[in-house]
Amino acid sequence: MVPPIVRGTAAWKYFGDFRDALLAGQVLVLQVAHPVVAAGVRDHSDYTSDPWTRLMRTGASLSIYVYGGVSGARVEAARLRALHRAFTGSLSDGRRYSALDPLAYAWVHATLVMVPVDAQRFFGRPLSTSELDEYYAQMCGIGRLLGVRERDLPPDWAAFSRYYDEMVAGFAGNEAIDQLFETIETVRKPVGWLPDRCWLPLRRAQARGQLFLIRATLPPALRDRLGLEWTARDQRRFDRFARAVRAVSAPLPPGLRTVHMRWIGKLNVWFRAHPSVYRRLVGGNGPGATP
């Protein structure tokens, strides 16, 4: 039986922790390292032209999985599967692909499962064995809601860790990863009224920080295969940064660390139920809607 996601349980405490955002770049690299995901991004994603909107849509969707309630998660799952059903094309070797390819679909979910575990390992307190068991069971339940086949998710955390490592071991560089790095360095300003003289130094700073965190948190073997340099000096810098994050976040109760994602989830569920309000306030068809 899947443990319900309620206040105080592992998924509730860790999935929306603000420290998870520090691994945003890492998880995107790991996702597009999969050849089917890379092809889908190449053929169907608009993130390079409008990354800020894409980021907000992704955040809206993720918040619903855990904090939008079972009914909200079901609606979001149906929306995502309907959206991805149209994403088809050809791989570089000519084989056809679908964004709903079961193994690729499971891998994307697996990367999201790992983010909070990695975030706590780097910036907090590693999850205990009992927490890992509860968290993984809850995330498997979400995976099944999203349409991930039960046989494509390992039965327990130990098996999942082996699966995750084996998947990463098969990845190497590709054009989608190169494009992601380029987008991080050349991302356009989020709002048109921001002067270039203000945005350009901010963009350089965020690119340096984001690329540093990607190099710091990627599995070392994959980092080496991607040709990303990592020195002892870099490791010392990252260790100091991690200690600072840990010192700031440790005194905060779990409810405060996740409050932003919980409210985003609730708000998005409400907007889905009141699309006309969303259109009047923001425009478009609601959080997470297609362009």
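Which residues form the positive surface patch? Arg233, Arg236, Arg240 and Arg243 do. Take Arg240 as the example. Arg240 sits in helix H12, which runs over residues 232-249. Its relative accessibility is 48%, so Arg240 counts as partly exposed.

A word of caution before going on. This is a predicted model. Please hear everything that follows in that light.

Now the opposite charge. Which residues gather in the patch of negative charge on the surface? Glu175, Asp178, Glu182 and Glu185. Glu185 belongs to helix H9, residues 175-186. With 46% relative accessibility, Glu185 is also classed as partly exposed. The cut-offs matter here: buried is under 20%, exposed is over 50%, and partly exposed lies in between. Glu185 at 46% therefore falls in the middle class. Arg240 at 48% does too, because that value lies in between those limits.

Let me step back to the whole chain. The protein chain has 15 helices and two strands. It contains 291 residues, and 46% of them count as buried. Along the principal axes, the C-alpha atoms fill a box of roughly 50 × 45 × 45 Å. What radius of gyration does the protein chain have? The value is 19 Å. A compact globule with 291 residues would be near 19 Å, so the chain agrees with that expectation.

On to salt bridges. Side chains of opposite charge can pair when their charged atoms come close. How many salt bridges does the structure hold? There are 11. I will go through three of these.

Start with Lys13 and Glu131. Their side chains meet in a salt bridge at 3.4 Å, N to O. Lys13 is in helix H1, residues 10-14, while Glu131 is in helix H7, residues 129-146, so this pair ties together parts that are 118 residues apart in sequence. Are these two residues buried or exposed? Both Lys13 and Glu131 are buried. For Glu131 the relative accessible area is 11%, which is why that residue counts as buried.

Glu131 has another partner. Arg125 forms a salt bridge with Glu131, and the closest N and O atoms are 3.4 Å apart. Arg125 has a relative accessible area of 47%, so Arg125 is partly exposed. Put the pieces together: Lys13, Arg125 and Glu131 are linked in a network of salt bridges. In that network, Glu131 is buried, whereas Arg125 is partly exposed.

The third bridge is a local one within a helix. Asp118 pairs with Arg121, with 2.8 Å between the closest N and O atoms. Where do they lie? Both are in helix H6, residues 102-123. They are three residues apart, about one turn of the helix. Asp118 is at 7% relative accessibility, so Asp118 counts as buried. Arg121 is at 45%, so Arg121 counts as partly exposed.

Stay with helix H6 for a moment. Ala104 is found there too. Its relative accessibility is 3%, so Ala104 counts as buried. Look across to Asp152. Ala104 and Asp152 are 48 residues apart in sequence, and their C-alpha atoms are 9.7 Å apart in space.

Next, a few more pairs, set by sequence and by space.

Met56 is in helix H4, residues 51-67. Is Met56 buried or exposed? Exposed, because its relative accessible area is 58%. Met56 and Ala11 are 45 residues apart along the chain, and 21 Å separates their C-alpha atoms.

Thr217 is in helix H10, residues 196-217. At 3% relative accessibility, Thr217 counts as buried. What distance separates the C-alpha atoms of Thr217 and Gln26? It is 6.5 Å, for residues that are 191 apart along the chain.

Last pair. Leu267 is in helix H14, residues 259-273. Leu267 has a relative accessible area of 44%, so Leu267 is partly exposed. Leu267 and Ser63 are 204 residues apart in sequence. In space, C-alpha to C-alpha, Leu267 and Ser63 are 9.5 Å apart.

To recap. On the surface there is a positive patch that includes Arg240, and a negative patch that includes Glu185. Lys13, Arg125 and Glu131 share a salt-bridge network. And once more, the model is predicted.

Definitions and conventions
Residues are numbered from 1 along each chain as its sequence is written. This is a predicted model: local features need pLDDT of at least 70, side-chain atom pairs count only at pLDDT 80 or more; totals for chains, interfaces and linings use all residues. Side-chain values use heavy atoms; hydrogens and water are left out. Patches are made of residues with over 30% relative accessible area and no salt bridge: like charges are joined within 9 Å, nonpolar side chains (Val, Leu, Ile, Met, Phe, Trp, Tyr) within 5 Å. Accessible areas come from the Shrake-Rupley method with a 1.4 Å probe; for residues, only the protein chains shown count as cover. A salt bridge is a side-chain nitrogen of Lys or Arg within 4 Å of a carboxyl oxygen of Asp or Glu. Lys and Arg count as positive and Asp and Glu as negative; His and the chain ends are not counted. The place of a charge is taken as NZ of Lys, CZ of Arg, CG of Asp or CD of Glu. Helices (H or I, at least four residues) and strands (E, at least two) are DSSP runs, numbered from the N terminus. Buried means under 20% relative accessible area, exposed over 50%, partly exposed in between (1.4 Å probe, protein chains only). The radius of gyration is taken over C-alpha atoms; the globule rule is 2.2 Å times the number of residues to the power 0.38.
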